[in-house]
Amino acid sequence: MSTVPSELAVETEPKGVLPTGSAPTPARRVIATLRKSPAVVVSVGIIVFIVLLAVLAPVISAITGWGPYEYDPSAIDSDLGGIPIGPLGGISAEHWLGVEPGNGRDILVRVAYGARVSLMIAVSATLITTTFGVVMGMISGFFGGLADQIISRVMDFLMAFPSLIFMIALLSALPAGNRPVLLVLVLSIFGWPYTARVIRGQTMSLRNSEFVEAARASGARPLRIAFREVLPNLRGTIIVLATLAVPSYIGTEAGLSFLGVGVMPPTPSWGQMISTAVGWYAVDPMFFLIPGTFLFLTVFSFTVLGDNLRRVLDAGDAA
Amino acid sequence: MKRRTAFLGLAIATSLALVGCTASNAGSGSTGGVSGEPVEGGTLHVLQNTDFSHLDPAQGFDGGVNNFYRLIYRTLTTQGVGEGAKGTEIVPDLATDTGTPNEDATVWTFTLKDDIFFEDGTPITSADVKFGVERSLDPSISIGSPYAKIVLDLPEDYQGYYISGPLDTIETPDEKTIVFHLNQPYADFAAVVGQAPFTPFPADEGVTTTSIDQQPIASGPYRVTEYQRGSTLVLERNEYWDAETDDVRTAAPDSFEWTFGLDAATIDERMIADQGADQDAIAGSVQAASISRIQTPAIQERTIQGLQGCTTYMPLNTTKPGMDNPLVRQAINLAVDKQAVKDGTGGSQLADIATTMMPPTVAGFTEFDLYPSEDSKGDPEAAKALLAEAGYPDGFEFTLDIRNNPKMQAQAEAIQQALAKADITVDFNLIDSATFYEVIGTTSQQHDAAITGWCPDWASGATFLPPIFEGTQIFEKGNSNVAQLNDPAVNQRMTEIRAMTDVDEANAAWGALDEQIMELAPAVPLLFEKAVMVVGSNIAGAYAHAGFSGGIDYVSVGLASTD
């Protein structure tokens with residue numbers, strides 16, 4: 001990114017001599033700019049809503065009176081293949097978003113618990129890939145030489161891999177065990193090079209910048225330079241990468257669950273619900289639409305937020 | 001074991017009361033309706049999701065492919081035509097009658113009809129029948145119906161024609177007579193020679209172990225003219241087949257055309273839409289999701305429904321700690337909510353609740369319910385009491401092997417949910433579809449329970465209870481006694497029943513044994529699944545055959561008009 005040097009200028013300012021205190025901090029400036037964009041406000045609103053839904057899933061379950069695994073045979077018509085009774089997939093005062101055909105489980109409660117699973121997996125995978133990716137990227141970019149050679153080849157190898165196919169194969173072959181943990185691991189293994197590659201490039205350009213030279217000349221040890229001088233300047237990039245990683249992991253998790261190798265039943269998962277709903281699209285489209293809408297909104301919101309963050313961080317430096 | 005794949009195959013429905021309704025509706029018209037008389041000629045299309053397992057009758061072994069074999073192959077005897085019990089009756093086919101046993105039913109003699117030919121016009125002789133059986137015993141292909149291996153008097157380590165040479169225990173005194181020597185008295189041998197591995201093949205031609213699977217040699221009314229695995233299969237008339245020699249097959253269409261690899265939902269859409277060539281098409285059972293869409297009178301008129309003749313059940317591995325206690329197994333039997341399992345499978349149109357192991361289509365079926373509950377919804381309180389008595393007052397936990405397929409998962413989730421109410425925790429072990437039966441059939445790999453199904457090879461308890469509950473049938477690999485039940489009293493009784501020479505008495509005894517076994521609760525009978533099939537509007541002579549997992553009998557179906 002061409003804007004990095006100026007970003008450095010802004011961000012190293014507090015560390016320089018004495019903070020002037022008058023200029024807004026970069027974080028405040030970014031937030032102020034983002035708040036002016038209606039798309040970002042709506043996206044953040046949706047993300048907050050989904051997170052609340054996930055966190056409050058047990059509360060929702062208590063309010064509606066339906067557990068995520070609880071069957072309601074009275075809500076489905078056994079004589080018609082188990083379709084939900086009532087319009088729009090059985091939406092009623094009792095089941096606010098209708099019920100699943102074939103068993104009568106409450107869709108709202110399952111979507112809420114599904115959000116827990118999706119977010120938990122996506123956020124965990126993001127944390128792991130970001131941490132690991134940043135460390136690897138910095139080692140590779142900062143020290144260069146043999147370390148860079150090895151890490152770069154590993155990254156090339158992982159990125160050249162048909163990762164989705166490999167994930168499907170790996171997850172089918174592994175014993176059931178703790179699926180969410182396995183998913184996080186598999187997503188992380190194939191996810192970190194994407195972060196590491198960007199970080200490596202940035203670190204390489206930072207390594208030769210004047211303030212690093214200055215730190216080196218003043219006798220700072222390499223580790224100190226890496227963590228105190230280089231890392232803070234990667235902050236914006238890391239935030240953007242992480243924000244954009246979350247939706248991609250949510251999407252991949254849903255995809256794997258859709259294919260039957262992700263989260264195992266009966267644990268609710270959006271991908272699984274959509275997969276089950278495919279056969280019912282003609283008679284019960286709501287069963288498809290509801291989890292589909294939640295998945296779409298979540299991925300969309302994170303993506304919009306991430307894109308805007310990038311835009312603001314890029315442009316903001318120039319301003 | 002192959003029998004269970006019938007659940008996947010073209011599974012259609014046997015005729016019970018509901019088919020009766022369809023029949024009487026349509027029967028009031030002239031020749032119209034799905035049950036009317038088919039006319040000669042035309043091409044009948046079959047839409048199918050998966051290809052047939054094997055064209056070689058020594059290898060294929062499920063309801064769908066056995067049904068198909070009757071179009072291109074003939075055996076000494078075969079199953080009858082017609083709904084219900086008429087379809088499962090054993091009738092002569094290539095033979096003039098259903099065989100003549102000696103006094104103790106260990107030697108059986110069959111006489112071949114005249115004017116029976118292969119597709120190239122050579123006459124079918126007793127030597128060809130003998131060769132067909134010997135060929136089918138080759139280890140590389142003998143994965144189909146196992147009865148030839150079980151009852152024929154074979155030299156030790158007999159490895160089929162190509163390795164061990166001809167058999168002395170099948171005699172062919174002349175071209176029309178064949179004599180089988182058995183290793184045990186077997187009153188049901190007439191049904192055994194109707195199994196697919198008894199298909200004749202020309203003894204002197206270049207038939208190898210693999211050639212039949214590539215290019216079958218027809219003895220039935222059709223021959224394979226085009227076959228692209230997984231895509232299409234075309235049958236055309238075998239001009240050397242003589243209808244005079246065949247009381248079973250109507251064989252009305254001039255040709256059959258299969259299209260494989262279609263998505264199940266696509267098949268449903270096409271059958272419901274009934275457009276163009278699909279009016280001349282038949283297909284397997286519709287999905288649960290399509291049930292509500294076929295309720296219009298117009299579509300109901302071309303809908304066939306009935307039992308598959310199989311039992312979906314949950315064997316409980318009686319060798320596992322906890323599961324070895326009959327009280328625990330009885331508690332599980334009591335707690336399962338069969339209504340929920342049925343709803344998950346597609347509701348009342350696609351399944352009936354099972355309380356016995358033997359399905360109603362098997363001769364000797366005796367109805368009983370040892371573990372009753374209100375509306376079959378399970379009785380968690382009674383189950384808890386039994387568990388406490390068994391020494392598990394705080395509940396019980398076990399692992400259930402399930403196949404990675406939506407229907408089985410829905411069934412498993414319903415069981416899990418119902419058992420949770422009785423403090424029984426069920427953990428799932430999800431197994432890939434392709435290896436599922438291999439895993440649960442390997443005693444070292446199976447867990448505490450599984451969800452599987454069993455279909456009889458012919459409508460007798462003899463092909464139903466022993467494979468899944470007899471102690472001597474426990475094998476380390478390819479095990480079908482998944483419950484691993486090895487109860488001396490049950491084993492003893494099975495030996496006694498097999499020695500009975502009166503078939504009716506034996507059938508009744510199998511029905512009673514079913515109840516005796518269920519007292520031990522080695523399994524939870526879940527459902528008698530049904531198939532509901534929509535056929536094209538120009539189809540005639542379609543009915544569900546009880547002997548082929550409820551599939552539409554191919555040899556009777558045809559077109560209503562060829563205009």
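## Chain A at a glance

Take the contacts in chain A between residues at least 6 apart in sequence: 72% of them join residues at least 24 apart. Keep in mind that this is a predicted model. Chain A has 319 residues, and 46% of them count as buried. As for its secondary structure, you'll find 14 helices and two strands. Lined up along the principal axes, the C-alpha atoms of chain A fit a box of roughly 80 × 50 × 30 Å.

## Two helices in chain A

Let's start with α12 of chain A, a helix covering residues 235–258. How far apart should its ends be? At 1.5 Å a residue, its 24 residues should span 34 Å, and the end C-alpha atoms are 35 Å apart, so the two values agree. After α12(A) comes A:Gly260, which has a positive phi, near 85 degrees.

Now hop over to helix α9 of chain A, residues 179–207, which is home to A:Val198. Is A:Val198 buried or exposed? It counts as buried, because it has 20 C-beta neighbours inside 10 Å and 20 or more is what the label asks for. Leaving aside residues up to four places away in sequence, A:Val198 touches A:Thr237 and A:Leu241. Then there's A:Val134: it sits 64 residues from A:Val198 along the chain, yet the C-alpha atoms of the pair are separated by 8.9 Å.

## Chain B at a glance

Over in chain B, there are 18 helices and 21 strands. Buried residues account for 56% of the 563 residues here. Among chain B contacts between residues at least 6 apart in sequence, 76% link residues at least 24 apart.

How does the overall size of chain B work out? A compact globule of 563 residues would have a radius of gyration near 24 Å, and chain B comes in at 23 Å, so it agrees with that expectation. Along the principal axes, its C-alpha trace spans about 75 × 60 × 40 Å.

## A five-stranded sheet in chain B

One piece of chain B to look for is an open sheet of five strands, ordered β8-β9-β10-β1-β11, with mixed pairing. Which strands stand at the edges? They are β8 (222–228) and β11 (281–283) of chain B; each has a single partner strand, so one side of each is left without a neighbour in the sheet. On average, and ignoring direction, neighbouring strands in this sheet are turned by 20 degrees against each other.

Strand β1 of chain B, residues 43–47, pairs with β11(B) in the parallel sense over three bridges. β1(B) also pairs with β10(B), again in the parallel sense, this time over five bridges. You can follow both pairings from B:His45: its bridge partner in β10(B) is B:Glu257, while in β11(B) it stands opposite B:Ala281. Further along, B:Leu47 stands opposite B:Ala283 in β11(B). As for cover, four of the five residues of β1(B) are buried.

A helix belongs in this picture too. Helix α2 of chain B, residues 63–72, lies across β8, β9 (232–237) and β10 (255–259) of chain B. Its direction is at about 125 degrees to β8(B).

## A three-stranded sheet in chain B

Chain B also has an open sheet of three strands in the order β16-β15-β17, and here the pairing is parallel. The edges belong to β16 (424–431) and β17 (449–450) of chain B, each of which pairs on one side only.

Strand β15 of chain B, residues 396–403, is joined to β17(B) by two bridges, and the two run parallel. If you want a spot to zoom in on, B:Leu400 stands opposite B:Ala449 in β17(B).

## Where the two chains meet

How many residues does each chain bring to the contact? Chain B gives 30 residues and chain A gives 23 residues. On the side of chain B that touches chain A, the elements giving two or more residues are α12 (338–345), α14 (406–420) and β16 of chain B. The largest share there is from α14(B), with seven residues.

What are the residues on this side of chain B like? They divide into eleven nonpolar, 14 polar and five charged. Notice that β16(B) turns up twice in this tour: it is an edge strand of the three-stranded sheet, and it is among the elements that touch chain A.

Technical notes: Residues are numbered from 1 along each chain as its sequence is written. Chains are lettered from A and ligands numbered from 1 in the order in which they are written. This is a predicted model: local features need pLDDT of at least 70, side-chain atom pairs count only at pLDDT 80 or more; totals for chains, interfaces and linings use all residues. Two strands pair if DSSP finds at least two bridges between them. Axes are lines fitted to C-alpha atoms, for helices over the stretch in contact, and angles run from 0 to 180 degrees between N-to-C directions. Two residues are in contact if their C-beta atoms, placed from the backbone, lie within 7 Å. Ala, Val, Leu, Ile, Met, Phe, Trp, Tyr, Cys and Pro count as nonpolar, Asp, Glu, Lys and Arg as charged, and the others, Gly among them, as polar. The radius of gyration is taken over C-alpha atoms; the globule rule is 2.2 Å times the number of residues to the power 0.38. A residue is buried if 20 or more other C-beta atoms lie within 10 Å of its own, exposed if 12 or fewer, and partly exposed in between; C-beta atoms are placed from the backbone. The expected span of a helix is 1.5 Å times one less than its number of residues.
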